[in-house]
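Me: Please take a close look at one part of this model, the side of one domain that touches the other. Set it in the context of the whole chain.

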Amino acid sequence: MNKTIYYFSGTGNSLKMAKDIRLALQDCEVVSISNAIMEVHKLKPKGIVGFVFPEYYYGLPQLVVEFLNTINLSHVTYIFAVATYAKSAGGCLSQTTKLLKPKGKKLNSGFYVKMVDNFILWTWDVPPIEKHSLIHEQAQKDSVRIANSVNNSLELIDNSPLETLGPILFGYSRFLRQVNTSDKAFFASPNCNSCEICVNVCPTQNIVIKDKKPKWQSKKCQKCLACLHLCPQKAVQYGKTTIKRSRYKNPHISLKELMLRL
Ligand SMILES: Cc1cc2nc3c(=O)[nH]c(=O)nc-3n(C[C@H](O)[C@H](O)[C@H](O)COP(=O)(O)O)c2cc1C
Ligand code: SF4
Ligand code: SF4
């Protein structure tokens, strides 16, 4: 098998995208970055490699940056990247190109795919449910477009007007510096029944259960919001902001898939 897609996903959008592309590409392996990073020095992918991840503040999740910095891509012949985003795309494809440069590699193709917004820490909520199916349908069509480009070895990078300015305006570099300890505002309400799902969905083992409640360890948080969105009791809150907000999981991805990081 000479096609591998490495993905990172908090609430399932990027995993769904990775799986849809796999379906259209055929004979392709889908691998979780949060698992693979533990043995990244042993990895030597060949042929076609793709990276699928959510856009965070006009840039890549920190774990994806770390993975791209360490993975050996010397036997790879074609590289593509897909950033799933919600409101405004930019920054991710040029950043991926920069990260590949020291390896003597280039990004052959890169895509932005709009998906449902899971960012509920500022002034807005998850979009109304009736808008989701249209977004999912369009994203599925995009996966076919992406797979066609990859199958035909096209050199194609999506343009975004905010490619350069977005990361600067939104303080992406500050995000990278602060993200690991950005979990201080998380807490579990009395609704928590100690089910440990938040522990198991966390891609970096940043949560432990202590005295029957989750404890965020401020060590490796990625701000992926999996703990917040996937708690079945809606017990995880981020300060006061999220108390009245909706929760989101990509409906085509099971909680089990997000727990096992297959
Ligand atoms: C910390 C964080 C930052 C985000 N920043 C952006 C952003 O800059 N632009 C945007 O359009 N969406 C942003 N989003 C929304 C996600 O990129 C989008 O919902 C994505 O599809 C989630 O993917 P996932 O389900 O695989 O985690 C952000 C989400 C989070 C959690
Ligand atoms: S997922 Fe929710 S209910 Fe389960 S332990 Fe975590 S906070 Fe408590
Ligand atoms: S603590 Fe929550 S937000 Fe932070 S990485 Fe784990 S699941 Fe994601």
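Reply: Here is the domain contact, with the chain around it.

This is a predicted model, in which local features need pLDDT of at least 70, side-chain atom pairs count only at pLDDT 80 or more, and totals for chains, interfaces and linings use all residues. Residues are numbered from 1 along each chain as its sequence is written, and chains are lettered from A and ligands numbered from 1 in the order in which they are written.

The chain splits into domain 1 (3-168) and domain 2 (176-260); such bounds come from an automatic or database domain assignment. Their C-alpha centres lie 23 Å apart. At the junction, 18 residues of domain 1 are in contact with 22 residues of domain 2. Contact means C-beta atoms, placed from the backbone, within 7 Å.

On the domain 1 side, helix 1 (13-25) and helix 3 (62-70) are the elements that give two or more residues. Helices are DSSP runs of H or I, at least four residues, and strands are runs of E, at least two, numbered from the N terminus. Helix 1 has the largest share, three residues. By class, this side holds nine nonpolar, seven polar and two charged residues. Ala, Val, Leu, Ile, Met, Phe, Trp, Tyr, Cys and Pro count as nonpolar; Asp, Glu, Lys and Arg as charged; the others, Gly among them, as polar.

Now the whole chain. Its secondary structure comes to 10 helices and 10 strands. The C-alpha atoms fill a box of roughly 55 × 40 × 35 Å along the principal axes. Among contacts with a separation of 6 or more, 77% join residues 24 or more positions apart.

Definitions and conventions: Contact = placed C-beta atoms within 7 Å.
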